[in-house]
Amino acid sequence: RNDKLQEVIETGVKVDSVIRARLIESFFFKNAPLHDGALIIRNDRINAAQCILPVSNNPDIPKRLGLRHRAAIGLAEQSDALLIVVSEETGAISLFYGAKHIENVTKQQLQKLLNELLVV
C-alpha cells in the first residue's frame, strides 16, 4: 500500500505492465521462465516478477503452511503490503497483511477484502 518495496522489486525481473489476468496466469504457469517467486503489483501495474520475499522465522506459524506462505508472512511482518498466496497444490487462496492471516478465501471474499483494504 504505502511501502515502496524497492528492495524486494530489485530481487526480481522488472516488468512494468498493465494488469491482465492472462499475463498473470502466464507468470505462474509451471516451468515458465518467471514461475518461481512473487509478483509485485503496485499502483495498478505489474512492477516485477520472480521476486524473492523475506521468509518469516516466527516459530508459531502452523506447520501446514509451506515456504510460499512463510515468505508472504515475512513480507507482511516487514511492510504494509497485502499478500495473496495461491497454493500450488490445492489452489486455496490465503491473504496476509500485517499480523492478519486469512486462509481459504473464496474469489468473491478476496475481491471484497481487496476493495475494503485498498480504499485510498
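In strand β3, arginine 45 is the bridge partner of valine 18. That's a handy way into this structure, which is a predicted model. From there we can look at the sheet around that pair, then a hairpin, a helix with two sides, a handful of salt bridges and a few residues worth a closer look.

**The three-stranded sheet**

- β1 and β3 (residues 45-51) run antiparallel and are joined by 4 bridges.
- Zoom out a little and you get an open sheet of 3 strands, in the order β1-β3-β2, with antiparallel pairing.
- The edges belong to β1 (13-18) and β2 (38-42); each has a single partner strand, so one side of each is left without a neighbour in the sheet.
- Going from one strand to the next, the twist averages 25°.
- As background, strands of a sheet pair through backbone hydrogen bonds, and they can do so in parallel or antiparallel fashion.

**Arginine 45 again, this time through its side chain**

- Besides its bridge to valine 18, arginine 45 meets aspartate 16 in a salt bridge between side chains, at 2.8 Å from N to O.
- This pair links distant parts of the chain, with aspartate 16 in strand β1, arginine 45 in strand β3, and their positions 29 residues apart in the numbering.
- Is arginine 45 buried, exposed or somewhere in between? With a relative accessibility of 30%, arginine 45 counts as partly exposed.

**The β5-β6 hairpin**

- β5 and β6 run antiparallel, and 4 bridges hold the two together.
- Across this pairing, tyrosine 97 stands opposite lysine 100 in β6.
- The two strands form a hairpin with 2 residues between them, and glycine 98 in the turn has a positive phi of about 55°.

**Helix α4 and its two sides**

- Which residues of helix α4 (residues 107-117) are buried? They are Leu110, Leu113 and Leu114.
- Looking down the axis of α4, you'd see these buried residues fall within an arc of 100°, so they line one face of the helix.
- What do they pack against? The buried residues of α4 pack against β4 (83-86), β5 (93-97) and β6 (100-105).
- Flip to the other side of α4 and you'll find Gln108 and Lys112, which are exposed.
- Lysine 112 comes in at 54% relative accessibility, and it forms a salt bridge with glutamate 116, the closest N and O atoms being 3.2 Å apart.
- Those two are 4 residues apart in helix α4, so about one helical turn separates glutamate 116 from lysine 112.
- Glutamate 116 counts as partly exposed, at 47% relative accessibility.

**Salt bridges around arginine 68**

- The salt bridge count for the model comes to 5.
- One of them is between the side chains of glutamate 88 and arginine 68, at 3.4 Å from N to O.
- Glutamate 88 lies in the loop between β4 and β5, while arginine 68 sits in helix α3 (residues 67-78), so the pair ties together parts that are 20 residues apart in sequence.
- Both partners count as partly exposed: glutamate 88 at 45% relative accessibility and arginine 68 at 41%.
- There's a network here too, with Lys30, Arg68 and Glu88 linked by salt bridges.

**Serine 87 in its loop**

- Serine 87 lies in the loop between β4 and β5.
- Is serine 87 buried or exposed? It is buried, with a relative accessible area of 16%.
- Its side chain reaches two backbone nitrogens: that of glutamate 89 at 3.3 Å and that of threonine 90 at 3.1 Å.
- Leaving aside residues up to four places away in sequence, serine 87 touches Arg68 and Ala92.

**Positive phi outside glycine**

- Leucine 5, in the segment before α1 (6-9), has a positive phi of about 60° although it is not a glycine.
- Asparagine 43 is found in the loop between β2 and β3, and its phi is near 55°, a positive value in a residue other than glycine.
- Their surroundings contrast: leucine 5 counts as buried at 18% relative accessibility, whereas asparagine 43 counts as exposed at 64%.

How values were computed. Residues are numbered from 1 along each chain as its sequence is written. This is a predicted model: local features need pLDDT of at least 70, side-chain atom pairs count only at pLDDT 80 or more; totals for chains, interfaces and linings use all residues. Side-chain values use heavy atoms; hydrogens and water are left out. Buried means under 20% relative accessible area, exposed over 50%, partly exposed in between (1.4 Å probe, protein chains only). The arc is that of the directions from the helix axis to the C-beta atoms. Contact means heavy atoms within 4.5 Å. Two strands pair if DSSP finds at least two bridges between them. Axes are lines fitted to C-alpha atoms, for helices over the stretch in contact, and angles run from 0 to 180 degrees between N-to-C directions. A polar contact is a pair of N or O atoms within 3.5 Å; within protein, one must be able to donate a hydrogen and the other to accept it, and residues adjacent in sequence count only if both atoms are side-chain atoms. A salt bridge is a side-chain nitrogen of Lys or Arg within 4 Å of a carboxyl oxygen of Asp or Glu.
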